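Q: Please take a close look at the empty spaces of this structure and at the residues that surround them. A connected account, suitable for a first-year student, would be welcome.

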Amino acid sequence: MTVVNYQILLKKRPSGAPAADDFESGEGRVRSPEHGEVLLKNLYLSIDPAIRGWMSDAKSYLPPIAIGEPIRSGTLSQIVESNAEGWPVGQIVQGLAAWECFSTVPVSNLHGKVKTIEGIPLHAMLSVLGGTGLTAYFGLLEVGRPKEGETVLVSSAAGGVGSIVGQIARIKGCRAVGLTGSDDKCAWLTDTLGYDAAINYKAADLRIALKEACPRGIDIFFDSVGGEILNIALTWLNRRGRIALCGAISQINAVELPPGPSNYLQLLAKSARMEGFTTLDFARRYDEARAVLASWIREGQLKYRDDIANGLENAPSHLLRLFTSEPRGKLMVKLANPEV
Ligand SMILES: NC(=O)c1ccc[n+]([C@@H]2O[C@H](COP(=O)([O-])OP(=O)(O)OC[C@H]3O[C@@H](n4cnc5c(N)ncnc54)[C@H](OP(=O)(O)O)[C@@H]3O)[C@@H](O)[C@H]2O)c1
């Protein structure tokens with residue numbers, strides 16, 4: 001019997017924000033793995049801003065997705081056929097695959113074997129114990145290097161990464177201040193996640209609100225947004241302040257490269273540091289970070305929220321939600337349960 005592989009393909013490259021008609025559904029064949037490859041049944045798709053970058057024809061750390069190809073995506077998957085030593089059938093893995101029910105990939109696409117942790121659901125391996133949690137952990141602790149009593153400002157603070165960053169800052173004895181795009185999300189940050197203060201950057205005069213929320217200035221700015229928010233935050237950076245440059249979602253849909261932060265000489269005036277990072281820089285330490293994050297979850301110090309859509313057909317609309325103020329926490333799409 002031939003198994004049909006349902007897929008979501010890139011129909012055309014977006015101009016500006018992605019739209020529903022940039023995608024089309026398709027049916028491919030399921031290919032048996034050649035030497036060094038495995039056949040994956042995809043269980044969860046990770047919905048990340050990076051996907052928008054791969055839909056463009058721009059140079060990046062990975063090549064653009066070709067027109068007519070399935071949308072590339074981080075996944076949580078189960079090996080259903082293996083032609084690679086050390087990667088047995090039944091193993092659940094995290095990796096880079098695509099928006100399709102089955103993917104045949106080389107083992108170099110696999111980021112690791114997933115060990116489920118008692119009391120923590122499988123999908124958390126794609127969020128708080130996966131890319132978003134690891135990004136928050138290494139970006140804050142290794143790039144920001146927080147010290148007790150410091151003030152940590154976080155942009156997109158209710159997002160997948162940001163919702164974890166502020167809580168780690170609190171665990172490390174810092175004052176955590178979050179920026180997000182609605183009053184409801186501000187309340188979630190302070191009342192549920194324990195942020196000390198939250199600012200609705202769409203409603204407030206950010207210059208005034210930051211001064212009030214960060215009375216002793218900003219020691220660390222964990223920035224996922226860039227643009228005008230970064231420019232304004234630079235003004236309140238303390239001497240020897242640090243900016244952990246995680247992402248720039250405000251610029252990801254720009255048709256032309258926007259101007260850089262005009263306020264960057266604040267770095268000079270404050271002897272401050274702005275440092276970019278990718279989570280992959282810390283790949284050798286993922287297990288160590290996962291163990292710490294899991295212990296914080298078990299102790300009730302770290303909360304997380306996964307915003308899960310069901311069904312491959314809902315992947316495009318879930319991706320479009322990333323560029324609105326709707327979501328809280330980490331977006332993902334569930335395709336299937338693992339086979340036992
Ligand atoms: N360096 C790395 O290795 C690495 C790894 C993973 C992710 N990242 C980056 O980390 C950031 C966060 O990723 P995530 O997956 O957790 O996404 P996310 O923060 O959950 O992104 C969705 C949120 O971004 C905010 N947003 C969307 N468009 C915006 C705009 N034009 N201006 C300001 N805010 C906007 C919205 O929240 P509001 O309501 O708050 O506006 C939206 O709900 C992204 O920039 C991503 O590229 C970096």
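A: A residue is called buried when its relative accessible area is under 20%, exposed when that area is over 50%, and partly exposed in between. The model discussed here is predicted. With the cut-off in hand, Gln-7 can be classified: its relative accessibility is 12%, and therefore Gln-7 counts as buried. Gln-7 is a member of strand E1, which covers residues 4–10. The side chain of Gln-7 is joined to the side chain of Glu-100 by a polar contact of 2.7 Å.

Glu-100 leads to the second largest pocket. This pocket has a volume of about 380 Å³. Its lining consists of 24 residues, and those closest to its centre are Glu-69, Pro-70, Ala-98, Glu-100 and Thr-104. Glu-100, the partner of Gln-7 in the polar contact, is thus found again among the residues closest to the centre of the pocket.

Several strands take part in this lining. At least two residues each are supplied by E1, E2, strand E3 (37–46), strand E5 (92–98) and strand E6 (102–106). The largest share comes from E6, with 5 residues. Sorted by class, the lining of the second largest pocket has 12 nonpolar, 6 polar and 6 charged residues.

Between E1 and strand E2 (23–29) runs a loop, and Ala-19 lies in it. Ala-19 has a relative accessibility of 30%, so it counts as partly exposed. In sequence, Ala-19 and Leu-320 are 301 residues apart, yet their C-alpha atoms are 7.1 Å apart in space.

The next space to consider is a cavity. A general idea helps here: rolling a probe the size of a water molecule over the atoms shows where empty space is left. The count for this model comes to 1 cavity of 30 Å³ or more. The largest cavity has a volume of about 30 Å³. Its lining is made up of Ser-127, Val-128, Thr-132, Gly-160, Ser-163, Ile-164, Tyr-304, Arg-305, Asp-306, Gly-329 and Lys-330. By class, this lining divides into 3 nonpolar, 5 polar and 3 charged residues.

Two of these lining residues, Ser-127 and Thr-132, are also linked to one another. A polar atom of the Thr-132 side chain lies 2.9 Å from the backbone oxygen of Ser-127. Thr-132 belongs to helix H2, which spans residues 131–144. Because its relative accessible area is 8%, Thr-132 is buried.

The surroundings of the ligand complete the picture. There are 25 residues around the ligand, and Ser-156, Val-161, Lys-185, Tyr-201 and Ser-325 come nearest. By class, the shell has 11 nonpolar, 13 polar and 1 charged residues.

Both side-chain and backbone atoms approach oxygen atoms of the ligand. In Ser-156, a polar side-chain atom lies 2.7 Å from a ligand oxygen atom. In Gly-181, a backbone N or O atom lies 3.1 Å from an oxygen atom of the ligand. In Ser-224, the corresponding distance from a backbone N or O atom to a ligand oxygen atom is 3.0 Å. Taken alone, the ligand exposes 920 Å², and the protein buries 85% of that area.

Conventions
Residues are numbered from 1 along each chain as its sequence is written. This is a predicted model: local features need pLDDT of at least 70, side-chain atom pairs count only at pLDDT 80 or more; totals for chains, interfaces and linings use all residues. Side-chain values use heavy atoms; hydrogens and water are left out. A residue is near a molecule or strand if one of its heavy atoms lies within 4 Å of it. A polar contact is a pair of N or O atoms within 3.5 Å; within protein, one must be able to donate a hydrogen and the other to accept it, and residues adjacent in sequence count only if both atoms are side-chain atoms. Accessible areas come from the Shrake-Rupley method with a 1.4 Å probe; for residues, only the protein chains shown count as cover. Ala, Val, Leu, Ile, Met, Phe, Trp, Tyr, Cys and Pro count as nonpolar, Asp, Glu, Lys and Arg as charged, and the others, Gly among them, as polar. On a 1 Å grid over the protein atoms alone, a cavity is a set of points where a 1.4 Å probe fits but cannot get out, and a pocket is an open set with protein on both sides within 12 Å along at least five of seven lines; lining residues have an atom within 4 Å of a point. Grid points are joined across faces, edges and corners, and a volume is the space filled by probe spheres set on the points. Helices (H or I, at least four residues) and strands (E, at least two) are DSSP runs, numbered from the N terminus. Buried means under 20% relative accessible area, exposed over 50%, partly exposed in between (1.4 Å probe, protein chains only).
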